[in-house]
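Hi everyone, thanks for making time for this. Let me put the structure up, and then I'll walk you through a few places in it.

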Amino acid sequence: MTKIMTRDFGEIEIDEKEILYFPNGIYAFEDEHEFILISSDELESIYWLQSVNTSNLCFIVFDANTVMLNYSPVYPESCLEVIDAKPQDDLRYLVISVIKDDYTKSTVNLKSPIAVNMKNNKCVQLICDNEDYDVKHLIISENS
């Protein structure tokens, strides 16, 4: 166990086995390679993707399937080589959100999900070929 400083929770203790490793970083943060996924008991589908090394770098993320049923990103298989994965492997997709003051206008980026290889905790941010996946997909649809 080790302690890290977080943006939203102060100092917390983490299990080093739970660190997610991004060999290529995240777009615009290519020098950041280690993150931890923090969950909340009160908010079961919302997670904080917190940098292990930079306390003020944190993203609010959702499991893609909680935002869009049957989320199925299309991308070149070669994208998964960096995380030692194949499309049929146990992959989890996270999508980064932008939370607005008016929460009904909050969005997620379905076009650039984070693929997590559940076997080794390696991650890569992808760019999907799906034309119907938006970079600003409303979390709460007008029909909800």
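Let's begin at F35, which stands opposite S51 in β5. This is a predicted model, so please hear everything I say with that in mind. F35's setting is the pairing of β4, residues 34–39, with β5, residues 46–51. The two strands run antiparallel and share 5 bridges. Together β4 and β5 make a hairpin, and 6 residues sit between them.

Now look at the loop of that hairpin. S40 lies there, between β4 and β5. Is S40 buried or exposed? S40 counts as buried, because its relative accessibility is 14% and the cut-off for buried is under 20%. And what does S40 touch, once we leave aside its neighbours within four places in sequence? S40 is in contact with I46 and W48.

β4 has another partner as well. Strand β3, residues 20–21, pairs with β4 in the antiparallel sense, over 2 bridges. In that pairing, Y21 stands opposite E34 of β4.

Let's move along to a second hairpin, the one made by β9 and β10. Here β9, residues 114–117, and β10, residues 122–125, run antiparallel and are joined by 4 bridges. If you want a pair to find on screen, V116 stands opposite C123 in β10. There are 4 residues between the strands, and N121 takes a positive phi near 65 degrees.

On to charges. Side chains of opposite charge can pair when their charged atoms come close. How many salt bridges does the structure hold? It holds 6, and I'd like to show you some of them.

Take D63 and R92: their closest N and O atoms are 3.3 Å apart, and they form a salt bridge. D63 belongs to β6, residues 58–63, and R92 to β7, residues 91–98, so this pair ties together parts that are 29 residues apart in sequence. D63 counts as buried, at 17% relative accessibility.

Next is D89 with K119, a salt bridge whose closest N and O atoms are 3.5 Å apart. This one also links distant parts of the chain, 30 residues apart: D89 is in the loop between α1 and β7, and K119 is in the loop between β9 and β10. So K119 brings us back to the hairpin we just left. The two ends have unlike settings: D89 is buried at 19% relative accessibility, while K119 is exposed at 65%.

Then there is K3 with E11, where the closest N and O atoms of the salt bridge are 4.0 Å apart. K3 counts as exposed, at 52%, and E11 is exposed too, with a relative accessible area of 51%. Both get that label because the cut-off for exposed is over 50%.

Last stop: empty space. Rolling a probe the size of a water molecule over the atoms shows where empty space is left. The largest pocket has about 190 Å³ of space in it. Which residues lie nearest its centre? They are I96, V98, T107, N109 and V135, out of 14 that line the pocket. β7 and β8 each supply at least two lining residues, and β7 gives the largest share, with 3. By class, the lining has 7 nonpolar, 5 polar and 2 charged residues. β7, then, turns up both here and in the salt bridge through R92.

That's my tour, and I'm happy to go back to any of these spots with you.

Methods
Residues are numbered from 1 along each chain as its sequence is written. This is a predicted model: local features need pLDDT of at least 70, side-chain atom pairs count only at pLDDT 80 or more; totals for chains, interfaces and linings use all residues. Side-chain values use heavy atoms; hydrogens and water are left out. Two strands pair if DSSP finds at least two bridges between them. A salt bridge is a side-chain nitrogen of Lys or Arg within 4 Å of a carboxyl oxygen of Asp or Glu. Buried means under 20% relative accessible area, exposed over 50%, partly exposed in between (1.4 Å probe, protein chains only). Contact means heavy atoms within 4.5 Å. On a 1 Å grid over the protein atoms alone, a cavity is a set of points where a 1.4 Å probe fits but cannot get out, and a pocket is an open set with protein on both sides within 12 Å along at least five of seven lines; lining residues have an atom within 4 Å of a point. Grid points are joined across faces, edges and corners, and a volume is the space filled by probe spheres set on the points. Ala, Val, Leu, Ile, Met, Phe, Trp, Tyr, Cys and Pro count as nonpolar, Asp, Glu, Lys and Arg as charged, and the others, Gly among them, as polar.
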